[in-house]
Amino acid sequence: IQKMLIWFANPDMKPEWKFEPDFAILQVSSVGIFFWGTEMIAVPIPLPYYSVGSGAALAIGALECGAPPDQAIKIAAKYDPYTGTDVQRYKLSGAQ
């Protein structure tokens with residue numbers, strides 16, 4: 001992840017990996033949500049919400065049914081033993 005952060009600050013210095021990394025990053029900004037994987041390509045997410053990790057499909061399903069984010073994570077954790085329940089919420093400046 002540190003190499004990824006350095007690359008964000010210096011876009012001309014794309015990192016080279018000594019091994020095949022395994023990570024997923026959600027970038028949330030005023031212009032939208034983007035998914036970053038090991039390909040190092042920003043994939044726009046055309047939804048108002050998204051999730052990554054082993055319980056992602058469960059959480060997205062709960063969100064689609066109207067659950068607030070905190071509850072969606074708890075629902076995912078109920079059925080996926082690898083989903084944690086520690087939730088941190090952030091609000092983008094200027095967001096409603």
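Which residue in β3 is the bridge partner of I33? In this predicted model, the partner of I33 in β3 is I45. On the other side of the pairing scheme, I33 serves as the bridge partner in β2 of V28. The residues V28, I33 and I45 are thus a convenient entry to the sheet, whose description follows that of the overall fold.

The protein chain contains three helices and three strands. Read from the N terminus, its elements follow the order α-β-β-β-α-α. The C-alpha trace spans about 40 × 35 × 20 Å along its principal axes. Of the 96 residues in the protein chain, 25% are buried. The accessible surface amounts to about 7,400 Å², and carbon and sulfur atoms account for 57% of that surface. Where contacts between residues at least 6 apart in sequence are considered, 22% of them join residues at least 24 apart.

The three strands form an open sheet with the order β1-β2-β3 and antiparallel pairing. Strands β1 and β3 are the edge strands, each pairing on one side only. On average, neighbouring strands of this sheet are turned by 30 degrees against each other, direction ignored. In general, strands of a sheet pair through backbone hydrogen bonds, either parallel or antiparallel.

Strand β1 covers residues 25–29, and strand β2 covers residues 32–36. The two strands run antiparallel and are joined by five bridges, and the hairpin between β1 and β2 passes through two residues. Strand β3 comprises residues 42–45. Four bridges connect β2 to β3, again in an antiparallel arrangement. The hairpin of β2 and β3 has five residues between the strands, and in this hairpin M40 adopts a positive phi near 60 degrees.

A nonpolar patch of about 370 Å² lies on the surface and is made by L26, V28, L47, Y50 and V52. One of these residues, L26, belongs to strand β1. L26 is classed as partly exposed because its relative accessible area is 30%. V28, also a member of the patch, is the residue whose bridge partner in β2 is I33.

The loop between β3 and α2 (56–64) contains S51. Is S51 buried or exposed? S51 counts as buried because its relative accessibility is 16%, below the cut-off of 20%. Residues up to four places away in sequence aside, S51 touches L26, A56, A59 and I60. The contact with L26 links the loop residue S51 to a residue of strand β1.

T83 is located in the segment after α3 (69–79). With a relative accessible area of 18%, T83 is likewise under the 20% limit and is therefore buried. When neighbours within four places in sequence are left aside, T83 is in contact with S54, G55, I73, A76 and A77. The C-alpha atoms of T83 and A59 are 9.7 Å apart in space, with 24 residues of sequence separation. A59 is also among the residues touched by S51.

Two further residues, N10 and P11, lie in the loop between α1 and β1. Helix α1 covers residues 2–9. N10 is partly exposed because its relative accessibility is 34%, whereas P11 has a relative accessibility of 57% and so counts as exposed. The C-alpha atoms of N10 and G37 are 18 Å apart in space, and the two residues are 27 apart in sequence. P11 and A56 are 45 residues apart along the chain, and a distance of 29 Å separates their C-alpha atoms. A56 is one of the residues touched by S51.

Methods. Residues numbered from 1 in each chain as written. Predicted model: local features only at pLDDT ≥ 70, side-chain atom pairs only at ≥ 80, totals over all residues. Heavy atoms only, no water. Patch = residues over 30% accessible without salt bridge, like charges linked within 9 Å, V, L, I, M, F, W, Y side chains within 5 Å. Areas by Shrake-Rupley, 256 points an atom, 1.4 Å probe, with all protein chains shown as cover. Salt bridge = Lys/Arg side-chain N within 4 Å of Asp/Glu carboxyl O. Buried < 20%, exposed > 50% of the residue type's maximum accessible area, 1.4 Å probe, protein only. Contact = heavy atoms within 4.5 Å. Pairing = 2+ DSSP bridges. Axes fitted to C-alpha atoms, helices over the stretch in contact; angles between N-to-C directions.
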